[in-house]
Structure formats: structure tokens, C-alpha cells
Amino acid sequence: MLIKKGILAVALSALLGSTAYAQQTIKIGLSGPMTGGSAAMGVSMRDGAKLAAAEINKAGGVLGKQIQLVERDDEAKNELGVQIAQELINKENVIATVGFINTGVSLAAQRFYQEAEIPVMNNVATGTLVTKQFMQPEHKANYIFRNSANDSIQSAMVADAVKKAGFSKPAIIADSTNYGQLGKADLEKALAALGIKPVAVEKFNIGDTDMTAQALRAKDAGADVVLTYAIGPELAQTVNSVVKLGWKVPVMGSWTLSMASFIDAAGANGEGVLMPQTFIQTPSTPKRKAFIDAYQAAYKVDRIPSPVSAAQGYDSVLLLAAAIEQAKSTDGKKIREALENLDKKLEGVVTNYDHPFSATDHEAITANIPVLGTVKGGRVVPANPADLEGANALRVKPKS
Amino acid sequence: MQNFFQILVSGISVGMIYGVIAFGYQLTFSTSKTLNFGQGEALTLGALVGLTAVNFLIGVSLGNLWAYLIALPVVFAFGMLQGTVVEWLGVRQAIRTKSEAGWIMATIALGIIFKNMAEHIWGKDPIKFPSPVSENPLTIFGVNVRLMEIIIVLGALAMMLGVELFNRRSIYGKAVVATANDRDAAGLMGINTSQVITFSYGLSSLSAALAGVLIAPITLTGANMGAALGLKAFAVAIIGGLSSGLGVVVGGLILGITESLTGFYFDTGYKDVPGLILLLLVLSFKPAGLFGKTAIKKV
């Protein structure tokens, strides 16, 4: 009996101890792939988010407490993302979560946050559906926010670039994941709006190493430009197969054409591809310069593996921290309300945020913010340098 | 017509890779009636060891091609060693106790361990493998082909011919064949069958490692590169027949070519389907495989 009481006392004190500890830090979940083909994006996102958390903590934290990022590797797998969401919500008691690189994982996992009324800041996943999964009025409130350029923005930019360059017969090559297929649908829609119909729409699986059949079908259909929706390693196989056929055709696609794994594996074949970018690793504003310098110093790299993910990862923590500060609480509902009416003007890496969200608009990035990037000398540079010069460098969301 | 040959060529080079890996399954199955389910990981490790060796040799200012050629024996030796380890740790005990399934779990477990080791040593990101030959395509009779794709086919054929010659011409090879034919009788004739089985495991991993360094220059090297290939090759081994060396090569070609042809003439989204349908058909009508000998198991 005595022993039982002793155990109870120990358990109780451990419990009290852990709550006491929890009160000293503010736990924010971070879910992204640290392994596999999407790892460059997940790791850059995490490292960007950690930089922001470290800066905030150095300046005294949020509500007088330190931010603690609870990092988890979802391996870009939907089922693992779901498990992690439940763990972060129920076991780690996070008050908000940043992350999700893969649209599929995001769509599968974020319903748990929605149910638990915990805000999620999607900082990389681009599927158009991501912020629309729990729209009002079907749902009382939407807890899903995003600070990346969604696929309808990106596909419109790509379609626009196709039209401007005078191409009329695009071929779309996309992977079979949620990302590739939803993006493909957006791209078809954006092209149709401009009166362009793709002459071929091809598909491949993650891990495929030979895209000769896809490239040859596109070539046979008489395509004058190849549009892609996939991730790094397979994108490289795609352009390698195009070049192998001796087919000289311009390649454009979603922002993933900026991934280091694509640039490295495609080598010379990847030069000149075009893609929308919210952030290009070039010090076009003082904030961007400070961010690039800090990233390079902290992680001892010259080229950020995925600069877009790093910048958006950084900004996502910035946005959340400001909302928690404004809410004066760690209650999910209050944080959501603060995000939807964020009074503090924030200087971010991607853009400056001034009331970035409203109750009905959960997208911080608008169509005017991304610029077209291209690969040159193994690095992503602006396709039109004027896009990031002078007054153009900082593009902000228009006031609604 | 030109398109047909273009697709055929890419199907053949993919199919040859499947064939080499499946050949590894066949090697161990013929001597011991067991398989290394970590064959995909043996491929991964071979490619990664090759990557390190090639990068080191390029570092001491050797050309890409020489670096590749000198790295090959290192990869072979490593593959041999890795297969031996698998046999010692995972299979030997199961064979001795006549366990039906012990080796399955053991080789899968070892495969996972090897993969985790690879992730730990080489990181989790896919890495570019320096190509030993020019990456520009050649045009032969109007068909564009990368030099490395030709090397894949030749390398795979050389490997299988080498093993075949060894089995037919050398006294050690005859021991392997004898063990494959009847392990108990071979044992009674004074052949050290357990040594033969160890050797066949080494050779099996060697062929996987060779497949790894052959495809690495046209894909990316990484801890996850072998998983999908190992599985495809298993399907190939079933289609071709686990007891026939020729069968797995033909099986590999059948799968590689049907994949490419379906992708081109039908729909790229259904590329993998005909191969799997073929697998099901073979399993229902000729379970020993297209070229396999039907074995009667007396109980």
C-alpha cells in the first residue's frame, strides 16, 4: 500500500513537473519530410523556421516565454503525417503547427488540427485545396493558413509565360502524387483560360528513372514547350530524357524546378528552365540579405538547398509569433482570430505582411508576389533581373 | 517506326537492370532455396560505396572513366563481403534448423539495417553520381541512346556470362551446379555445400552492387534507390522462373519492354499494370515461371 502511494506521488510530481515545464516554453509543432525526394524542401523549411525561432527567443520570446519547435519527419507520407499530427496535438500539446511540404500530407493531416481548433501555417505545400478544405460557411471557422504561393497562382504564372513566349502547344508531364495531379488540373485550367489546350498530358510515378516514353509522346504530339509538375529527382529524369531524345524544347513548371536535387542531377540539361519563385537567394532587400547571411552562417552552406522553403519557413514562424503575441494567449481560437486580423506590420523575407489574412482569406501570398526564376550556372536567378530591382524588389499583397 | 525502336531501347536498358538484380535472386535460390529480400539494399550499398570510391579517385585527379573502372573491383569486393555477411547472420541458422520462414524475416531485417546504415553514412538526400562517360546522347540508326545505357546492357550481359562460364568451366563452378541440382547428394560427394551457399550469397550481392553502379550514373544515388528496384526485380524473378538464369534475363526484358511500350502506346499512367498482370497470369498458369522447372515437393 505504501509503495503504491509512493508510486502515485512520484507519478504525480512528474506530471506536475512536466506541466510546469510546459508553461515555460511555447510549443509549436513542425512537420515536414526530412528524408526522401522532398527532403531538401523539408530540411530548408525547418532550418528557416529554426532561424526565426532563435531570433525571436533571443529578443525575449513570445509572451515572455521561449518558443520551442517540436520537429517531426513525416517522410512525405500521408499516413505518417496523420500519426504525427495526432502525436503533436495530444502528446506534445502544441499550440500551433507550421510545415507541410507535400500537399497530400497536408490534406490528410490538417483535419486533426481543424478538429482540435489549433492553427496550422502551411509554409510550403501549394495545392490549391489546402486552405479551402474547411471553408466557411460549412465549417464554423477555418484553422488552416498558408504563406506559400498556391498552385492556382503558380499555374497562372506558368500559363502566362507560355502565352507571352508565343507557345501554343504545351505538353504537361506531372507525377502521380496529389501534388502533381492537382497541379496538373490547375495548369490545364489556367491554360484553358488563355485559350490554350495541351497537346499531351503525361504521368509518371515517384522513383521512376526513365521518362523516355513520356518525353517521346510529348514530342510526337508536336509540343513546343514542356510544362512540369513534380519534384526534384524525377524532374531531373524528365529533362534528361527530353535532352536524350535530342529534342530542343523549353521547359517550364512549378516552383520545384528550383530544388537543388533537380539542379544537381540535371546538370547542363537543367539550365534555362523557368519556374515561379517567392524568394530567390539574392540580397535584393536588407531583410533578405540578413536572412541569407544568417542561414549561411548557421548551417555552413553557400547555396540554400531550397531557398523558397527556407524563406517561407522563416516567415511562417514570424507570422505565428506575432499572432500569439497579439492574442496574449496560447488558445488556438484566439490565435486564429489574431491571425485573421494581424495588426502588427511584419517585415518578412518573402514580403512585408500588413493584415495578411482575413476571416475569409487565408492566403498570405498573392499572384503579384512571386517572380519567374531560371536556372543559370547551377543556381536559381531571376529570369528578368528587373523583377527584383529597386522598387520591384519588395512586392506586397494588395489591400482588399 | 523510329519511335518504336527508341522505346524498345529504353525498355531494354531498364529491363537489363531488372534482370541483373533478379539474377541475384536466382543465384541464391538455386543453391539454397532461399532468397535475399534485402537485394534492393545490396544494390543501394553497392552504388553508394561506388560513389565514395569514385569521388575519392576523382579527388586524386583521375579521370571520371578511370575512376569508375578502378572503383569497380572495390564495389565487387564489397558486394561479395556484404552478401557473405547476410548469409552468415540471416540465412545459415535458418537453413540448419530447416526453418521455413526464418530467413525471410532475417533478410528483410538485415535489409532495413543496411538501409539505415546507408542513411546514416551517406545522408538521406539523393546524390549525383559522376558519369564515367559523356552524358550527351548518341544517335544510332536514328535512335537516341546514352552511352551509359549501352554500358548497362553490356555490363549486365558480361556479368551473367561470367557467372555462366564459371559454373560450366571451373571446378568450383561445378560444385555450385552440383549443389543446385541436389544439395544432399552434393554433400555426400564431399562438396562443402554450406560454403557454396555462402559463396552464392556473395555473388548475389555482387550482382546487385554491379546493378547499383551501372544505373547510378543515369539516376541518382541515395539510400532509397534500391527499394522499388528490388521489388520489381522480384516480380521479374517470378515471371522468368527462379530456377533459370536465362529465365530471369528474359523476364527482365519482358517487364522492361512492356512497361515502356505501354507507357508510349497506351498511357504513361498505366505503365506498371501489364507487368503485374503478367505476373498474376504466370502465377496462375505456370507458377514455376516461364522458364522454371516445375519441382515436385515430396512431403
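**Exercise 1. Getting your bearings in chain A**

How many helices and strands are there in chain A? Work that out, then decide how the overall size of the chain fits its length.

*Solution.* Keep in mind that you're looking at a predicted model.

- Step 1: Count the elements. Chain A has 12 helices and 14 strands.
- Step 2: Check the size. The radius of gyration of chain A is 22 Å, and the globule rule gives 21 Å for 400 residues, so chain A is as compact as a globular protein of that length.
- Step 3: Box it in. Along the principal axes, the C-alpha atoms of chain A fill roughly 80 × 50 × 45 Å.
- Step 4: Look inside. Of the 400 residues in chain A, 56% are buried.
- Step 5: See who touches whom. Take the contacts in chain A with a separation of 6 or more: 73% of them are between residues 24 or more positions apart.

**Exercise 2. Tracing the five-stranded sheet**

Find the open sheet of 5 strands in chain A and give the strand order. Which strands stand at the edges?

*Solution.*

- Step 1: Read across the sheet. The order is β2-β1-β3-β4-β5 in chain A, with parallel pairing.
- Step 2: Pick out the edges. β2 (66–73) and β5 (144–146) of chain A each have a single partner strand, so one side of each lacks a neighbour in the sheet.
- Step 3: Look at the twist. Ignoring direction, neighbouring strands of this sheet are turned by 25° against each other on average.
- Step 4: Zoom in on one pair. Strand β1 (residues 25–32) of chain A runs parallel to β2(A), and 8 bridges join them. Along this pair, A:Ile26 stands opposite A:Ile67, and A:Leu30 stands opposite A:Glu71.
- Step 5: Add the packing helix. Helix α11 (residues 307–327) of chain A packs on the sheet and touches β1, β2, β3 (96–99) and β4 (120–122) of chain A. The direction of α11(A) makes about 165° with that of β3(A).
- Step 6: Follow the connection. β1(A), α2(A) and β2(A) make up a β-α-β unit, and it's right-handed.

**Exercise 3. A covered strand**

Take strand β7 (residues 200–204) of chain A: how many of its residues are buried? Then find the strand it pairs with and the route the chain takes between the two.

*Solution.*

- Step 1: Count. In β7(A), 5 of the 5 residues are buried.
- Step 2: Sort them by face. One side carries A:Ala200, A:Glu202 and A:Phe204, the other A:Val201 and A:Lys203, and both faces are covered.
- Step 3: Find the partner. Strand β6 (residues 170–175) of chain A runs parallel to β7(A), with 5 bridges between them. Here A:Ala171 stands opposite A:Ala200.
- Step 4: Trace the route. From β6(A) the chain passes through helix α6 (residues 178–193) to β7(A), a right-handed β-α-β crossover.

**Exercise 4. One residue in a loop**

Where does A:Thr35 lie, and is A:Thr35 buried or exposed?

*Solution.*

- Step 1: Place it. A:Thr35 lies in the loop between β1 and α2 of chain A.
- Step 2: Count neighbours. A residue is buried if 20 or more other C-beta atoms lie within 10 Å of its own. A:Thr35 has 20 other C-beta atoms within 10 Å, so it's buried.
- Step 3: List the contacts. Leaving out residues up to four places away in sequence, A:Thr35 touches A:Asp73, A:Glu75 and, across in the other chain, B:Lys124.

**Exercise 5. Where the chains meet**

How many residues does the contact take from chain A and from chain B? Which element of chain A gives the most?

*Solution.*

- Step 1: Count both sides. The contact takes 26 residues from chain A and 24 residues from chain B.
- Step 2: Find the suppliers in chain A. α2 (39–58), β7, α7 (212–220), α8 (232–244) and α9 (260–266) each supply at least two residues.
- Step 3: Name the top contributor. That's α7(A), with 6 residues.
- Step 4: Sort by character. The chain A side divides into 9 nonpolar, 10 polar and 7 charged residues.
- Step 5: Glance at the partner. Chain B comes to 11 helices and 2 strands, and 51% of its 299 residues are buried. The radius of gyration of chain B is 19 Å, which agrees with the value near 19 Å for a compact globule with 299 residues.

Terms used:
Residues numbered from 1 in each chain as written. Chains lettered and ligands numbered in written order. Predicted model: local features only at pLDDT ≥ 70, side-chain atom pairs only at ≥ 80, totals over all residues. Buried ≥ 20, exposed ≤ 12 C-beta atoms within 10 Å, placed from the backbone. Helix = DSSP H or I, 4+ residues; strand = E, 2+ residues; numbered from the N terminus. Pairing = 2+ DSSP bridges. Right-handed = clockwise from strand over helix to strand, strands pointing away. Axes fitted to C-alpha atoms, helices over the stretch in contact; angles between N-to-C directions. Contact = placed C-beta atoms within 7 Å. Nonpolar A, V, L, I, M, F, W, Y, C, P; charged D, E, K, R; others polar. Rg over C-alpha atoms; globule rule 2.2 N^0.38 Å.
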